[in-house]
Amino acid sequence: MQNFHYNIPTQIYFGKGQIENLGKKLKEISDKVLLVYGGGSIKKNGLYDKVLNQLEQAGISWQELSGVEPNPRIESVRKGVALCKEHGLGAVLAVGGGSTIDCAKVIASGSCYEGDPWEQVLDSDKITKALPVVSVLTLSATGSEMDGFAVISDLEKNEKWGTGNDITKPAFSILDPEYTFTVSPRQTAAGTADIMSHTFENYFTREKGAYLQARFCEGILKTCIHYAPIAIEKPNDYEARANLMWASSMAINGVCSYGENTAWAVHPMEHELSAFYDITHGVGLAILTPYWMEYVLNDDTVWRFAEYGKNVWGIFDGDNMAIAKKSIEKTREFFAAVGLPASLHEIGIDDTHFDVMAKKAADCGLQYGFIPLDKEDVKKIFCMAL
Ligand code: NZQ
Ligand code: ZN
């Protein structure tokens with residue numbers, strides 16, 4: 001196990017009714033905030049009114065930025081930064097899924113920056129100061145509620161990049177699983193694929209000494225596999241929603257990656273799909289993951305796939321290679337069972353942009369991955385997924 005610095009400063013208020021802490025805790029940070037949300041789901045399910053009630057009761061004034069897009073755009077970030085600067089706001093409150101929280105994070109850093117916030121998306125070293133971010137999570141997927149990352153798109157340029165650092169980790173997040181009851185079956189499945197992908201990115205590492213972290217990962221994967229079908233079948237099942245919600249946070253907050261060198265592979269590839277085709281992040285991950293697994297499985301990596309097969313899927317028949325192959329098949333079957341597509345053509349993607357997409361993805365450090373990948377490797381994986 002490698003050295004690490006544990007740093008997860010985000011306070012979590014988890015469970016039913018935790019919204020009651022919002023006004024009081026936020027007031028300790030600022031009494032003038034920017035409220036950021038998406039396309040209206042929080043108005044339909046009543047959360048918007050609850051949030052406003054909290055702000056009013058605590059004597060907090062606010063400005064609003066609504067309409068943050070899935071795959072949030074830099075244009076929305078710029079609007080939020082302008083509001084914060086114009087009104088001298090002291091915190092950014094995100095109510096929504098990962099897109100809303102990500103947008104809020106770069107608004108928070110952009111508000112403390114002289115230049116254009118896109119510069120901070122391209123270079124996280126330019127994030128040296130940020131307004132405090134607070135989140136009320138409504139979709140279990142990205143883990144943005146408990147990490148420092150933010151992924152922002154400029155779709156005019158077909159660009160989608162991750163940024164952020166410790167400064168943009170939320171000060172606190174409210175995680176009430178009941179707020180995810182209204183998440184559609186498709187978004188529930190896509191969110192689960194995202195949680196699983198974060199876990200895979202941390203699990204498929206060359207570090208053999210991080211035994212504990214690997215067992216954490218297996219627990220998260222088993223949780224997703226057990227509870228996603230229940231949440232899809234019974235959207236109001238509290239235990240299913242609660243377990244998925246906590247899995248969302250734990251998959252990416254550092255607990256699974258401390259002590260090992262991780263270099264994510266499937267995420268940079270998926271971000272290119274989203275950058276060019278504006279698709280749902282988790283859908284792209286579900287398509288690419290089994291193909292990436294097949295591509296990187298070899299005699300050197302089979303040990304980890306065999307652990308995955310035995311500890312997550314309970315497969316014990318045959319040698320390690322047979323177990324590994326079976327585990328990949330199980331992964332593919334699971335994504336299909338929760339209703340996710342299995343190929344790029346099903347979501348309207350062909351090979352038109354594969355060369356440029358593969359180059360951009362490969363340049364995101366894929367040479368340091370579980371198996372080093374270059375542009376040609378990535379292109380082959382895209383082609384396999386067609
Ligand atoms: O916009 P509204 O109306 O709120 O509707 C959203 C949106 O249409 C809807 N939704 C959210 N909560 C709901 C709900 N509908 C009904 N009931 C609710 N309770 O779901 C749709 C998708 O929302 P979005 O926030 O886009 O989804 P998600 O949380 O999956 O976020 C995806 C974004 O996060 C990035 C992705 O690349 C993508 O841009 N990621 C962020 C990461 C991070 N910050 O660490 C890591 C991830 O790997 C990922 O890249
Ligand atoms: Zn992700």
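Student: Let's start with a loop. Where does Asp 278 lie?

Tutor: Asp 278 sits in the loop between α10 and α11 (281-296). Keep in mind as we go that this is a predicted model.

Student: What is the sign of phi at Asp 278, positive or negative?

Tutor: Asp 278 has a positive phi, about 50 degrees, although it is not a glycine. To place such a residue, check its exposure too: between 20% and 50% relative accessible area, a residue is called partly exposed. Asp 278 has 36%, so it counts as partly exposed.

Student: And Asn 71, which loop is that one in?

Tutor: Asn 71 is in the loop between β3 (61-65) and α4. Asn 71 is not a glycine either, and has a positive phi of about 60 degrees. Its relative accessibility is 8%, so Asn 71 counts as buried.

Student: Moving on to helices, how should I read Lys 79: buried or exposed?

Tutor: The cut-off for exposed is over 50%. Lys 79 reaches 54% relative accessibility, so it counts as exposed. You'll find Lys 79 in helix α4, which covers residues 74-87. If you'd like a distance to try in the viewer, take Lys 79 and Met 146: they are 67 residues apart along the chain, and their C-alpha atoms are separated by 24 Å.

Student: What about Asn 202, buried or exposed?

Tutor: Under 20% is what buried means. Asn 202 has a relative accessible area of 2%, so it is buried. Its place is in helix α7 (residues 185-203).

Student: Which side chain does the Asn 202 side chain make a polar contact with?

Tutor: That of Trp 264, at 3.4 Å. For the wider surroundings, leave aside neighbours within four places in sequence: Asn 202 is then in contact with Cys 217, Ala 251, Cys 256, Ser 257, Glu 260, Thr 262 and, again, Trp 264.

Student: Now the ligand. Which residues come nearest to ligand 1?

Tutor: There are 31 residues around ligand 1, and Gly 39, Ser 41, Gly 98, Ser 99 and Asp 147 come nearest. Sorting that shell by residue type gives nine nonpolar, 18 polar and four charged.

Student: Which polar atoms should I look at around ligand 1?

Tutor: Try both backbone and side chain. A polar backbone atom of Gly 40 is 3.0 Å from an oxygen atom of ligand 1. On the side-chain front, an N or O atom of Thr 138 lies 2.8 Å from a nitrogen atom of the ligand. Then there's Tyr 179, where a backbone N or O atom is 2.9 Å from a ligand nitrogen atom.

Student: How much of ligand 1 does the protein cover?

Tutor: On its own, ligand 1 has 960 Å² of accessible area, and the protein covers 88% of that. The elements giving two or more residues to the shell are α5 (98-110), β6 (149-154), α7 and α10 (266-277).

Student: Last one: how do I read the chain as a whole?

Tutor: Count the elements, then check the dimensions. The chain has 15 helices and eight strands. A compact globule of 386 residues would have a radius of gyration near 21 Å, and the chain's 20 Å agrees with that. Along the principal axes, its C-alpha atoms fill a box of roughly 65 × 45 × 40 Å. Of the 386 residues, 59% count as buried.

Student: What share of the contacts comes from residues 24 or more positions apart?

Tutor: Such residues account for 78% of the contacts with a separation of 6 or more. As for the surface, the chain exposes about 15300 Å², with carbon and sulfur atoms supplying 50% of it.

How values were computed: Residues numbered from 1 in each chain as written. Chains lettered and ligands numbered in written order. Predicted model: local features only at pLDDT ≥ 70, side-chain atom pairs only at ≥ 80, totals over all residues. Heavy atoms only, no water. Helix = DSSP H or I, 4+ residues; strand = E, 2+ residues; numbered from the N terminus. Buried < 20%, exposed > 50% of the residue type's maximum accessible area, 1.4 Å probe, protein only. Polar contact = N/O pair within 3.5 Å; in protein donor to acceptor, adjacent residues only side chain to side chain. Contact = heavy atoms within 4.5 Å. Near = heavy atom within 4 Å. Areas by Shrake-Rupley, 256 points an atom, 1.4 Å probe, with all protein chains shown as cover. Nonpolar A, V, L, I, M, F, W, Y, C, P; charged D, E, K, R; others polar. Rg over C-alpha atoms; globule rule 2.2 N^0.38 Å.
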